[in-house]
Amino acid sequence: MRHRSPRQRPQQSRAAARAAFAVAAILSVVSACGSGSTGAPKPSTNPPPTVSSPSGVPTTSAPTSSTSTTSATTKAPTATSVTSATTSGTTVAPTTTPTAPPTTALAMPKLDAVAIKLDKIATVSEPIAMAVRPGNASLLYVAERAGRIWAVRNGNVDSSPLLDIRGRTTAGGERGLLGIAISPDGARIYTSYTDTGGTSQLDEYQLDGDGGIDATSRRSVLSQAQPYANHNGGNIVFGPDGYLYLGFGDGGSGGDPERRADKLTTLLGKLLRIDPRPVGDSPYAVPADNPLVGQDGVNTEIWSWGLRNPWRFSFDKANGDLWIGDVGQSTLEEVDWVRAADGGGRGLNFGWSAWEGSKRYNDDVTGDGATPPLHEYAHGDLGCSITGGYVYRGAAIPALQGAYVFGDYCAAGLRAIDPAAPDPSIKLTDGPGQLVSFGQDAAGELYALSFDGNAIYKLVPG
Ligand SMILES: [Ca+2]
C-alpha cells in the first residue's frame, strides 16, 4: 500500500481506503514485531471485545464496583487488561463498543455562510486546556500552563483555584500543565503535565459533589520519561467509549532521531488508550480490545502510532470520530481524521516519521500502510504549528455544524474545514494570536484559548 495524498483520493472511496489502510497497518504491526511469517498472533485474531462474567475469575476491587478484571488476558508489562462487566449492578464502566455514528442525521457545514466572532469570556494566565464535568454545564474547568486549574462560571473566574500544582511542574516552552480531563461519571479529574524534571505525568484527583477538586486525593497514574524538552504532547481526552486517550509526542529534538514514533516499544509518538482506574497493583488498566493486546514485547497501551506531536486531538461529540492535529516538522501541518465506524484510529499508523504530512521524510522508516492526513497546509501564512480543535456541534452557529475548527499557534485566526471537501480551509476569524488550545462545553459550543492576552474566547454568531 502506497501512501497517497488525500487530494489524490476520491472522497467517495474514503471508507474503503481507510479499511485498506487499516489492513495494511495491521500487517505492518506484525512486520514491526518481526513475526510476519512466523504465525504469531495477529491483532485481527484477538478475541473481539467481550463482556465477561466476573464469576470464577480472580478479581480485584476497582474504585468503583462496576469493573471486574479478567487477569487471564493480561499481557501488558505494567497493567492489567480488563473488560467491563454489566452483571455488577449500576455501571459507569466504559463500554468497548464504539458509539454508533448517526451520520445520516448530522448537519453538513455551510462554510461559505459562516459568520462568527470571538467573545472574550474570561482571562486566565496562559490558559492551555479546558474540561467540563457532566452535570455541571455552567462550570468550565480551565487549566493554566503554570499549574493551576480555575473554575469559570458564566464568565466569572473564581477568586481561588480549584487546584494548584505549580510546585509539581515547571512551565515554559512545551512544558507545564498540558491537559485536563474529567471522567464521564464526573467523579475524577486527570492532570497531564511535565514534572519539574521534565518527565510526563498523569495524575488523578477525586471531585466532590460540587465539582471541587480534592487536592489530597492525588494518585499517580502513569509517567513517561522525555528524552528531549519538546514534543511532549500531553493532551488527555475521554473517548466515546469511556476510556482515557493520551497523546505523546515523539520525544522531541527534530526529525525523530531515535525513530520512536514508528516503534511499538515506546509510548512516545503515540496515542494511548487506557482505563485510568487502578486494578490490583496496577495504577491503570489496558482495555482488552486495544490493538496490540496479545502481542509480546510491545506497549499495549498504544492505540495509534506514527505521530510527531499530537498536541491537540478530539472526538466528534456527535459520532465519535477521531480528529488529530499533528504538529509538523518544518514543512507541513496536518489534520488526521478517522471515523469511529472505521475503528477510530485503532491500530493505525499516522505516518511520522516516514512521512511529514504527504511528504516523504525519513527514508529509513517505511511508512507502509500509513494513514495520510485529511488536510494539510504548508508552513507560511497559515502558520507553523497546528492547534487541533473540534468538530462544531453547537446550536448557536448552524452553518458551522459538522465543520472541524482548528488554528495555528504561529498565525492568528481560526480556520475550519468541511470533512467532505477539506481543501481549502476557510478562515473564520482574524484572531486570536498564540492560539494554544480549544475547549468544548456541554452544549457543544467552542472556545479558543490564547496566550495572547491570556484570553478564553467563545465562538459566537458574528
Ligand atoms: Ca501523519
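**View 1. Confidence across the predicted model.** The mean pLDDT of the protein, which is shown here as a predicted model, is 83, and 77% of the residues reach 70 or more. Over residues 1–101, however, the pLDDT is below 50, although this stretch still has 190 contacts in the model beyond near neighbours in sequence. Where pLDDT is low, the predicted coordinates should not be read in detail.

**View 2. Secondary structure and burial in the whole protein.** The protein has one helix and 31 strands, and 52% of its 462 residues count as buried. Among contacts with a separation of 6 or more, 60% are made by residues 24 or more positions apart.

**View 3. The largest nonpolar core and the surroundings of Val405.** The largest nonpolar core holds 105 residues, of which Tyr141, Ile180 and Val405 touch the most other members. Strand 9, spanning residues 177–182, supplies the largest share of this core, with five residues. Once its neighbours within four places in sequence are set aside, Val405 is in contact with Gly389, Tyr390 and Tyr392, as well as with Leu414, Ala416, Leu428 and Leu446.

**View 4. Strand 5 between its two hairpin partners.** Strand 5 (residues 139–144) is mostly covered, with five of its six residues buried. Strand 4 (residues 127–132) pairs with strand 5 in the antiparallel sense over five bridges, and within this pairing Ala129 stands opposite Ala143 of strand 5. The two strands form a hairpin with six residues between them, and Gly135 in the turn has a positive phi of about 95°. Strand 5 is also joined by five bridges to strand 6 (residues 148–153), and these two strands run antiparallel; here Leu140 stands opposite Val152 in strand 6. Strand 5 and strand 6 likewise form a hairpin, with three residues between them, and Gly147 in the turn has a positive phi of about 130°.

**View 5. An open sheet of four strands that includes strand 31.** This open sheet has the strand order 3-31-30-29, with antiparallel pairing. Its edge strands, each of which pairs on one side only, are strand 3 (116–123) and strand 29 (435–440), and the twist averages 30° from one strand to the next. Inside the sheet, strand 30 (residues 446–450) pairs with strand 31 (residues 455–461) in the antiparallel sense over four bridges, and Ala448 stands opposite Tyr457 in strand 31. Leu446, with which strand 30 begins, is one of the residues in contact with Val405.

**View 6. An open sheet of four strands that includes strand 18.** The order of the strands in this open sheet is 18-19-20-24, again with antiparallel pairing. Strand 18 (312–315) and strand 24 (375–378) are the edge strands, and each pairs on one side only. From one strand to the next, the twist of this sheet averages 10°. Strand 18 is joined by four bridges to strand 19 (residues 322–326), the two running antiparallel, and Phe313 has Ile324 in strand 19 as its bridge partner.

Methods: Residues are numbered from 1 along each chain as its sequence is written. This is a predicted model: local features need pLDDT of at least 70, side-chain atom pairs count only at pLDDT 80 or more; totals for chains, interfaces and linings use all residues. A residue is buried if 20 or more other C-beta atoms lie within 10 Å of its own, exposed if 12 or fewer, and partly exposed in between; C-beta atoms are placed from the backbone. Two residues are in contact if their C-beta atoms, placed from the backbone, lie within 7 Å. A nonpolar core is a set of buried Ala, Val, Leu, Ile, Met, Phe, Trp, Tyr and Cys residues joined through C-beta atoms within 7 Å. Two strands pair if DSSP finds at least two bridges between them. Axes are lines fitted to C-alpha atoms, for helices over the stretch in contact, and angles run from 0 to 180 degrees between N-to-C directions. pLDDT is the predictor's confidence in each residue, from 0 to 100.
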